[in-house]
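Biologist: Could you take a close look at one part of this model for me? I'd like to hear about a helix pair, and then about any odd backbone spots in the loops.

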Amino acid sequence: MAKILSKKFYEEMKKLEPRYPSKVALLLPALHAAQNELSWLSPEALNEVGEYIGIHPAQVREVASFYTMYNLKPVGKYHLKICTNVACCLMGAEKLVDHCEKKLGILAGETTPDKKFTVMEEECLGACGTAPAMMLNDDYYEKLDVKKLDQILAGLE
Amino acid sequence: MGMVSTETLFIQHFGNEEARGMDYYLEKMAGYSALKKALQMSQDDVISEVKKSNLRGRGGAGFPTGVKWGFIPKQATQPKYLVCNADESEPGTFKDRDLMRFTPHLLIEGMAIAGHAIGSNTGYIYIRGEYTREAKLLDAAIEEAYSKGCLGKNILGSNFSFDLTVHRGAGAYICGEETGLLNSLEGKRGEPRVKPPFPAQAGAFGGPTIVNNVETLSAIPFIINRGGEWFAKLGKLEKSGGTRLFCVSGHVKKPGLYELPAGGVTLRQLIYDYCGGILGDKKLKAVIPGGSSAPVLTPDEIDVVLDIEPLMKIGTMLGSAGIMVVSEDYCLVKLITRITKFYAHESCGQCTPCREGCKWMEDVLHRIEHGHGQERDLALLLDIADNINGKTLCALGDAAAGPVTSFVRKFKADFEEHIRGKKCPNA
């Protein structure tokens with residue numbers, strides 16, 4: 001089968017290999033790198049990661065499904081993860097989730113039909129002193145309120 | 001009462017993006033001079049200096065760092081590993097993020113020194129997956145350290161070599177538990193292991209391993225440069241050396257990080273003198289003093305000194321020093337329901353009491369919160385919590401049970417109001 005992971009993926013992995021005494025330890029870094037390229041981990045991507053590491057695809061799935069950051073379903077171009085853990089809830093995070101749900105017409109955990117937005121409720125992001133916080137793709141946004149959230153959403157193409 | 005004046009090690013650099021660079025570190029922070037000094041000391045001397053410092057683990061358990069390092073067998077046939085726990089997954093905790101993004105070289109230098117002390121040539125920083133930006137900053141700092149000969153082969157001209165790699169987690173609270181972390185590092189599900197063997201005997205990849213928190217390792221350069229005794233004296237209680245980063249969040253006027261002597265202030269001082277009191281000058285309702293796993297405190301209990309033993313004495317813990325403050329108008333039943341939902345979500349599922357019990361507690365709390373609870377539910381909650389506590393492989397079970405027990409015991413009237421009124425009185 002044709003490979004779906006790029007040459008860059010394999011080069012990056014080659015560089016990491018000497019850092020670990022076992023190749024299986026590259027599984028999490030490989031899944032991150034694959035997701036960076038493809039935005040989600042399709043069955044084909046999981047198979048190819050398994051083939052590279054030298055483990056059964058079931059073992060890749062067993063591990064990938066343990067961690068919430070690996071997208072085993074497609075996600076939108078903009079992936080909003082709103083923290084609703086204790087400190088963020090104390091500072092009104094639920095209002096942010098409600099607002100997103102109403103504005104985008106989806107429930108937390110869903111993706112808009114145009115594949116632009118995915119909204120998720122997230123566990124603690126470690127930004128409790130600047131709560132409420134959310135991640136938009138790889139970036140943190142902190143000390144949020146509905147107005148700021150609207151400004152951020154308005155800036156997204 | 002009032003503020004205490006103290007020397008701080010870290011916080012003056014937070015917010016200063018320049019501080020993260022090698023040049024600043026070398027010029028303004030005596031960068032890598034402690035490593036140079038440590039490499040001229042024997043392994044035992046380094047460990048004994050750290051023992052003298054009374055540095056205790058800043059990740060939550062508070063175990064004396066020097067003693068932990070001493071557990072590494074001298075005559076090991078397998079490679080030894082040093083792992084930095086940068087998972088910072090305990091809700092309410094946000095200090096390690098600033099240490100990594102503003103003073104990454106302190107951590108790198110601390111790890112190189114620790115590697116020398118325990119005889120390890122390989123280190124990993126296991127950082128939570130969400131800290132993508134911080135991982136990149138660490139990578140850049142590590143590269144700088146390699147280019148200046150502070151990492152890699154024959155560090156600073158010595159015969160000690162140490163490689164350091166940033167390893168990203170991928171979203172799992174349980175990977176903050178050290179054996180769960182080690183499984184995750186090895187490319188497995190982050191399920192905690194049966195102990196013994198402890199990591200010092202068989203940890204990462206089967207080799208003797210030390211796992212230390214970011215703040216713990218970042219303190220090491222200071223201890224080597226200025227001496228264990230000096231560090232010990234920064235702390236105000238006999239067994240606790242150094243300063244500590246307290247993470248304050250929730251309903252206070254000035255949330256954020258506060259660096260204060262270990263055991264130097266009370267919880268009341270921190271909330272009212274440092275953080276400016278409660279938002280809107282409302283009344284204090286409750287405080288969670290050590291991350292969401294710590295049993296809750298009432299306003300009558302906040303004259304406690306903020307350190308490991310004093311908090312333990314009143315049935316809670318300092319943990320990772322994540323202090324969450326709740327004012328009078330927030331519903332505590334809603335709060336503990338949310339906390340319990342978190343533990344139910346994060347239970348790895350290996351141990352039945354935790355996997356099933358956390359979900360049951362969440363369900364019972366949820367129905368009380370929404371006005372469908374019954375009087376007998378309170379006894380049921382205590383019973384489920386008791387059946388989890390101490391009956392699981394790792395501390396996640398206790399972390400879920402302790403808060404539920406404390407909220408039900410200390411704020412029983414709040415639960416009864418929901419049950420009798422058949423709704424949340426705050427809604």
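Modeller: Here's the helix pair, followed by the backbone spots. Keep in mind that this is a predicted model.

Let's start with helix H3 (residues 43–52) and helix H6 (residues 104–118), both in chain B: they pack at an angle of about 120°, and their axes are 7 Å apart. Angles of 65 to 115 degrees would count as roughly perpendicular and those over 145 as roughly antiparallel, so H3(B) and H6(B) come out as oblique to each other. The crossing of H3(B) past H6(B) is left-handed. On the H3(B) side the contact uses Gln43(B), Val46(B) and Ile47(B), while H6(B) brings in Ile113(B), His116(B), Ala117(B) and Ile118(B). By type, the contact residues split into five nonpolar and two polar, with no charged ones.

Now for the loops of chain B. Between helix H8 (178–185) and strand S4 (209–213) sits Pro196(B), and the peptide bond joining Lys195(B) to Pro196(B) is cis, with omega about -5°. The loop between H8 and S4 of chain B also holds Phe205(B), a non-glycine residue with a positive phi, near 50°. Phe205(B) has 18% relative accessibility, so it counts as buried.

Asp281(B) is another non-glycine residue with positive phi, near 50°, and its place is the loop between helix H11 (267–274) and strand S7 (284–288) of chain B. With 63% relative accessibility, Asp281(B) counts as exposed.

Over in chain A, the bond from Ala131(A) to Pro132(A) is cis, with omega near -5°; Pro132(A) lies in the loop between strand S2 (117–122) and strand S3 (134–136).

Note on methods. Residues are numbered from 1 along each chain as its sequence is written. Chains are lettered from A and ligands numbered from 1 in the order in which they are written. This is a predicted model: local features need pLDDT of at least 70, side-chain atom pairs count only at pLDDT 80 or more; totals for chains, interfaces and linings use all residues. Side-chain values use heavy atoms; hydrogens and water are left out. Axes are lines fitted to C-alpha atoms, for helices over the stretch in contact, and angles run from 0 to 180 degrees between N-to-C directions. Helices (H or I, at least four residues) and strands (E, at least two) are DSSP runs, numbered from the N terminus. Angles under 35 degrees count as roughly parallel, over 145 as roughly antiparallel, 65 to 115 as roughly perpendicular and the rest as oblique. A crossing is left-handed if the near helix is turned anticlockwise from the far one by less than a right angle, and right-handed if clockwise. Contact means heavy atoms within 4.5 Å. Ala, Val, Leu, Ile, Met, Phe, Trp, Tyr, Cys and Pro count as nonpolar, Asp, Glu, Lys and Arg as charged, and the others, Gly among them, as polar. Buried means under 20% relative accessible area, exposed over 50%, partly exposed in between (1.4 Å probe, protein chains only).
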